[in-house]
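Open the model in your viewer and keep the selection box handy. We'll go stop by stop, with something to pick at each one.

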Amino acid sequence: MRELFRDLGPKKYPNVCAVQKLLGTNRKYYTNCKQWYQRKVCGKSTVISYECCPGYEKVPGEKGCPAALPLANIYDTLGIVGASTTQLYSLSSNLKPEIEAPGSFTIFAPNNEAWAALPAEMLDSLVSNVNIELLNALRYHMVNRRVLTDDLKHGISLPSMYQNIDLQIHHYPNGIVTVNCARLLKADHHATNGVVHLIDKVIATTTNSIQQIVETDENLETLRAAVAASGLNTLLENDGQFTLLAPTNEAFEKIPSETLNRILGDPEALKDLLNHHILKSAMCAEAIIAGLSMETLEGTMLEVGCIGDELTLNGRSIIAEKDILATNGVVHFVNELLIPDSAKTLFELGKESDVSTSIDLFRQADLSSHLTGNERVTLLAPINTVFKDGTPPMNQNTKSLLLDHILKEQLSSKYLYHGQTLETLGGKELRVFVYRNNLCIENVCIAAHDRRGRFGTLFTVDKMLTPPVGTVMDVLKADQRFSTLVAAIQSAGLMETLNRPGTFTVFAPTNEAFQAMPQGELNKLMGNAKELATILKYHIGDEILVSGAIGALVRLKSLQGDKIEVSAKNNVVNVNKEPVAETDIMATNGVIYAVNAVLQPPAFRPQERGDEPADPALEIFKQASALSKVKQNFT
């Protein structure tokens, strides 16, 4: 693996390779340009150093490694590359004559540290029977042809020279190559009769499938029963390259019995659970040097990473045993069960999330049965921050409101469309609003990705729902703050408009807004129905705009014809730069915003409209609005 980095160019420093050494360990990574900027392995810092590339050596007084070494046979090359123990065992097992003779071989040679790391009992077994056990072990590390790293493709198998039992090869996108999950340390050391690859482990023969490992390991008894019940036996027996994150008996015991029994008794949930523990490709521990997302057979993603010498799943160090190699992949034992959303109830989805306060409210309201059963529903769950100042008192009104947070179908937000109506368990009909920057259901907007459970879907929303209870006129009449406005609407003949089906946004001046106007001007305005209607129409937008859809600036066309400017900043909504007193008062034909000022439309002055006279109603309105602001400043 020859790589020339930066100023270590081929002319100045020929045949120099970069090495990343993990601080505090003897581990080295013979890096290439892909990993040049990656200065950490599993969170630990590395130091970059340089050494001669395979087959070259230094010359006193010369830069780099200009001298090419003469090729030797495989036996002698073992000593050159740092595999002197493998060389010694080749001699004692009588393998030496074979790897000195002419031919074309590949040997994956364990380094000295790999032999020293073997359990004493296993090493004693090998060296006490050198002519059979040790020889067979060494021949399992060999292939009867020359195989370079370019030939080591991901997922291939190579027949070894011990009974043609396969070696499993994985070549990962980060450049790491493994054979039976042992990492290639120094690759492509050419010899006269083949090639030597230095590896970091002594590899053992692999003849069992993943299913056979599950069937024979006493720590996987519960998993064994679950696999049998789900019908996944065949998959785990068949050819392929999978990673099984095998939950141990201990992992199953940590799950509440009610939850575990529910999943084990539900074939679909059980299959999702098990598929969530199977990665689509074989992943050896040595290949993981940083976090990466991997897809499971269930279709979900798991974050696989490492911290020091420990592998992590979704940031947790829960892998108890790693790299148990099978003929069709690799098994890692995990001591915690990974339950996917698709196997959870709505209650389980929400109780340990950022909607846990909402879930507790549903429990207090005796609505848990809708969140734990097999009813197909969608839950609109306000995020916890909605309740930072406290939760609503638990009474019949609150219970009824919470029931309207449960929709009758199991939905997916990506299939919702503008104008769609959704029915709640409380019998209400809710409208869907699709905006450029948000997706809302009545006054609540979806604040996170859907979480789809076994029977229900969780929509995290940004506030408590307020279902519509009547038309715009019904709502205004029922609120004493708008009694003057209601009278003005009646005088202007707009009641029928605001009672009929439609999609209105009404910026409703409160009584306070009208009281701030001089009485004479107010009387004059209220006495001219035509001009009053023109002004009131400027307060009515021709489409529904809820506050969650308001960005830096939205220009909403009014029924009067001019546009109203609506903006939001720091959770405050402004209309024509006037702060809104209350947002999102929902009606069946629109939404109402309470404002403490009468809005001023653009003035139609002669200089702005050519020879046309100014609209007298607008002149009255402009003066009244200006006086209103002055009066408010002194109250």
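With which side chain does the side chain of Ser342 make a polar contact? Select Ser342 and Asp272: their side chains make that contact at 3.2 Å. A polar contact here is a pair of N or O atoms within 3.5 Å; within protein, one must be able to donate a hydrogen and the other to accept it, and residues adjacent in sequence count only if both atoms are side-chain atoms.

Before moving on, a word on what you're looking at: this is a predicted model, where local features need pLDDT of at least 70, side-chain atom pairs count only at pLDDT 80 or more, and totals for chains, interfaces and linings use all residues. Residues are numbered from 1 along each chain as its sequence is written, and side-chain values use heavy atoms, with hydrogens and water left out.

**Stop 1: around Ser342**

Stay on Ser342, in the loop between E20 and helix H13 (346–351). Helices (H or I, at least four residues) and strands (E, at least two) are DSSP runs, numbered from the N terminus. Ser342 counts as buried because its relative accessibility is 16%; buried means under 20% relative accessible area, exposed over 50%, and partly exposed in between (1.4 Å probe, protein chains only). Now show what Ser342 touches, skipping residues up to four places away in sequence: Asp272, Glu298, Arg452, Gly453 and Arg454. Contact means heavy atoms within 4.5 Å.

**Stop 2: a four-stranded sheet**

Next, pick E15, E14, E20 and E19, which line up in that order as an open sheet with mixed pairing. Two strands pair if DSSP finds at least two bridges between them. At the edges, pairing on one side only, are strand E15 (278–279) and strand E19 (319–326).

Zoom in on strand E14 (residues 242–247): six of its six residues are buried, so E14 is largely enclosed by the rest of the structure. Colour Phe242, Leu244 and Ala246 for one face and Thr243, Leu245 and Pro247 for the other; all are buried. In a regular strand, side chains alternate between the two faces of the sheet.

Leu244 is a handy marker. Opposite Leu244 in E20 stands Val331, and opposite Leu244 in E15 stands Ile278. E14 runs parallel to E20 over six bridges, whereas E14 and E15 are antiparallel over two bridges. On to E19: five bridges pair E19 with strand E20 (residues 329–334) in the antiparallel sense, and Ile324 faces Val331 there.

**Stop 3: strand E1**

Jump to strand E1 (residues 16–22). Six of its seven residues are buried, so E1 is largely enclosed by the rest of the structure. Add strand E4 (residues 44–52), antiparallel to E1 and joined to E1 by seven bridges. For one bridge pair, select Cys17 and its E4 partner, Glu51.

**Stop 4: the largest nonpolar core**

Which residues have the most contacts inside the largest nonpolar core? Select Leu476, Leu485, Ile489, Leu498, Val506, Leu536 and Ile592, out of 30 residues in that core. A nonpolar core is a set of buried Ala, Val, Leu, Ile, Met, Phe, Trp, Tyr and Cys residues joined through side-chain atoms within 4.5 Å. Helix H18 gives the largest share of this core, five residues.

Finish by centring on Leu476. Leaving aside neighbours within four places in sequence, Leu476 is in contact with Phe482, Leu485, Val486, Ile489, Ala508 and Ile592.
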